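Trainee: May we work through one part of this model by question and answer?

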Amino acid sequence: AGEVVTLKHSNTIADGTAVKTPGKTIFPYLQENLDDVITISDDELIVAFLDMVENHKMIVENSGLLSVAALKHLDCKNKKVVCILSGGNMDVITMLLLFRMVLSFVTESSLSLSFCPTSLVCS
């Protein structure tokens, strides 16, 4: 858009990054240093969460999984890529709600709980 935009709503399970308006101080830095912005759906975050729990035995908060979910949108073949797994905003209630969403997502989709760990990252 070329300017700071305020969204009408910000409804996502990635509550740590669910801002309606980005900071005006950081915006010039983003304009200068970002090539592109990738939008990640809640379903993609659920798949990333499931991958981390099932295949890597790690629990990472939803906002911290954005970089993992973004891998499906990037051409990473023959490149060294690092995802920062951050955030500590995962309490028991949030985790329970997320696991319910994961089970619902797996039930409604054709996803199997025993998929290959590399199926969610760039191949």
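Mentor: Certainly. Helices here are DSSP runs of H or I with at least four residues, numbered from the N terminus. Please remember that the model is predicted.

Trainee: Which residue just after H2 takes a positive phi?

Mentor: Helix H2 covers residues 42-56. Just after H2, a positive phi of about 55° is taken by Lys57.

Trainee: What span does H2 reach from its first C-alpha to its last?

Mentor: H2 has 15 residues, and at 1.5 Å a residue a span of 21 Å is expected. The computed span is close to that value, at 20 Å.

Trainee: How is H2 oriented relative to H4?

Mentor: The two helices pack with their axes 10 Å apart, at an angle of about 105°. Angles of 65 to 115 degrees count as roughly perpendicular, so H2 relative to H4 is roughly perpendicular.

Trainee: Which residues of H2 does Val102 touch, not counting residues up to four places away in sequence?

Mentor: The contact of H2 with H4 has eleven nonpolar residues, no polar residues and one charged residue. Val102 is among the H4 residues that take part, with Leu98 and Phe105 also included. The residues touched by Val102 are Ile46, Phe49 and Leu50.

Trainee: Which helix supplies the largest share of the largest nonpolar core?

Mentor: In soluble globular proteins, nonpolar side chains tend to be buried together. Here the largest nonpolar core has 20 residues, and Leu45, Ile46 and Phe49 are among those that touch the most other members. H2, H3 and H4 each supply at least two residues. The largest share, seven residues, comes from H2.

Definitions and conventions:
Residues are numbered from 1 along each chain as its sequence is written. This is a predicted model: local features need pLDDT of at least 70, side-chain atom pairs count only at pLDDT 80 or more; totals for chains, interfaces and linings use all residues. Side-chain values use heavy atoms; hydrogens and water are left out. Axes are lines fitted to C-alpha atoms, for helices over the stretch in contact, and angles run from 0 to 180 degrees between N-to-C directions. Angles under 35 degrees count as roughly parallel, over 145 as roughly antiparallel, 65 to 115 as roughly perpendicular and the rest as oblique. Contact means heavy atoms within 4.5 Å. Ala, Val, Leu, Ile, Met, Phe, Trp, Tyr, Cys and Pro count as nonpolar, Asp, Glu, Lys and Arg as charged, and the others, Gly among them, as polar. A nonpolar core is a set of buried Ala, Val, Leu, Ile, Met, Phe, Trp, Tyr and Cys residues joined through side-chain atoms within 4.5 Å. Buried means under 20% relative accessible area, exposed over 50%, partly exposed in between (1.4 Å probe, protein chains only). The expected span of a helix is 1.5 Å times one less than its number of residues.
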